[in-house]
Amino acid sequence: MLVNLKEITQIAEQGGFAIGAFNAPNLETLMAVISSAEELNCPVILQHAQVHNALIPIETIAPIMLDLGKKASVPICVHLDHGTDYEECMKALRLGFTSIMFDASGAPYEENVLKTKEVVKAAHSMGVSVEGELGHIFSFDAGSGEGGKIINDYQSASDSYTDPDTAKDFVERTSVDALAIAFGTAHGIYKMKPVLDLNRIALIKEKTNIPLVMHGGSGVSDDEFRRAIKNGIRKINYYTYMAVDGANAVIRFLDKKTDKDNIQYHDIAITAQAAIKEHVLKAMKVFCMK
Ligand SMILES: [Zn+2]
């Protein structure tokens, strides 16, 4: 069944766990995520990042996400990830998304507040939730696709982290339903072991009292996930390491094949889907099982 972000994070608040939010820019990933969620009876967020329009247009994937979400036996939220302009957010609303992230975190603070407020107004009038972002979630290289401030080390990163008092002001003025915060996680591949300021999560939670979102989830240890969830993370964005696992399974499958003239594409798709499912099951057990 379809639910919005406010509803799905409320389930997580009550249960003291987090909802996995998986980017799924193809049918194999979508099916792997939904079947994992149904198998474990975990609510889940299917998300399409605006930047993934280059892989599959939102108009193509949205009806599939929504249809699979409606038919699923667990609560499913269909979410736009990193909507960076008003038009894309309105497009997601028209397509039937139940939640959108509007990311103006790269803009000066007052601009972020005003622009986010405008998106919240439109979304809330349709019963759709909004995730905002404050602080700069970073990346170790520009190729990660989801954006973020490029950094080389953790010493130079802490000034990009979310400030708890500013977060309180941001949430009060924008009425967002969830907030993506920066505390050391990074989009894409981690070039070094993450150094996370987990205490900051609890400080922000105390000031804002809304569900907090971790971006750059794949690549973080199980123990760090558990501590982040304990401190108030209720949505975990997850993609890169799951996608890498899918690709590695395909490479192993192709390497093993002796009859290279008789490899059919569906074998590749099925191999990737099985590996992605295995990865998602492991992640979901940490996020949503007590
Ligand atoms: Zn992100």
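# A tour from the disulfide to the aromatic cluster

Select C42 and C288 to begin: the torsion about their S-S bond is about -70°, so this disulfide is left-handed. Keep in mind as you click around that the model is predicted. With both residues still highlighted, look at where they sit. C42 is in the loop between α2 (27-40) and β2 (44-49), while C288 belongs to helix α10 (residues 265-288), so the bond ties together parts that are 246 residues apart in sequence. The S to S distance is 1.8 Å, and the count for the structure comes to 1 disulfide. Switch on a surface and check the cover: C42 has 1% relative accessibility and counts as buried, and C288, at 9%, counts as buried too.

Now for two cysteines outside that bond. Pick C77, which is in no disulfide; its nearest cysteine sulfur is that of C89, 14 Å away. C77 is buried, with a relative accessible area of 0%. Jump across to C89, and you'll find that C89 is in no disulfide either, the nearest cysteine sulfur being that of C77, 14 Å away. C89 also has a relative accessible area of 0%, so put it down as buried.

**Next stop: the metal**

Select the zinc ion and show its contacts. Three histidines coordinate the zinc ion: H82 through NE2, H187 through NE2 and H215 through ND1, at 2.0 to 2.1 Å. If you have the sequence panel open, look for the spacing H-x104-H-x27-H among the donor residues. Two of these donors, H82 and H215, come from distant parts of the chain: H82 is in strand β3 (residues 76-83) and H215 in the loop between β10 (212-214) and α8 (222-231), 133 residues apart. Buried or exposed, how does H82 come out? At 6% relative accessibility, H82 falls under the 20% limit, so H82 counts as buried. H215 has a relative accessible area of 0% and is buried as well.

**Out to the surface**

Turn on the surface again and select L27, M31 and I64. Together they make a nonpolar surface patch of about 220 Å². L27 is placed in helix α2, and at 40% relative accessibility this residue counts as partly exposed.

**Ring hunting**

Time to show the aromatic side chains. A search of the whole structure finds 4 aromatic pairs. For one of them, select Y109 and F170: the ring centres are 6.3 Å apart and the planes are at 50°, so call this pair tilted. Y109 is in helix α5 (residues 109-124) and F170 in helix α6 (residues 164-174), so to speak two distant parts of the chain, 61 residues apart. The cover on the two partners is worth checking: Y109 is partly exposed at 25% relative accessibility, whereas F170 is buried at 0%.

Then move to F225 and F287. Here the ring centres are 4.9 Å apart with planes at 75°, so the pair is edge-to-face. F225 lies in helix α8 and F287 in helix α10, so the contact ties together parts 62 residues apart in sequence. Both F225 and F287 are buried.

For the last selection, keep those two rings and add F22 and Y238. What do F22, F225, Y238 and F287 form? They form one aromatic cluster. Helix α10 makes a good place to end, since F287 and the C288 you started from are both in this helix.

Notes:
Residues are numbered from 1 along each chain as its sequence is written. This is a predicted model: local features need pLDDT of at least 70, side-chain atom pairs count only at pLDDT 80 or more; totals for chains, interfaces and linings use all residues. Side-chain values use heavy atoms; hydrogens and water are left out. Donors are N, O and S atoms within 2.8 Å of the metal (3.2 Å for Na, K and Ca); water is not among the atoms, so sites may look incomplete. Helices (H or I, at least four residues) and strands (E, at least two) are DSSP runs, numbered from the N terminus. Buried means under 20% relative accessible area, exposed over 50%, partly exposed in between (1.4 Å probe, protein chains only). A disulfide is a pair of cysteine sulfur atoms within 2.5 Å. Patches are made of residues with over 30% relative accessible area and no salt bridge: like charges are joined within 9 Å, nonpolar side chains (Val, Leu, Ile, Met, Phe, Trp, Tyr) within 5 Å. Accessible areas come from the Shrake-Rupley method with a 1.4 Å probe; for residues, only the protein chains shown count as cover. A salt bridge is a side-chain nitrogen of Lys or Arg within 4 Å of a carboxyl oxygen of Asp or Glu. Rings of Phe, Tyr and Trp (its six-membered ring) pair if their centres lie within 6.5 Å; planes under 30 degrees apart count as stacked, over 60 as edge-to-face and the rest as tilted.
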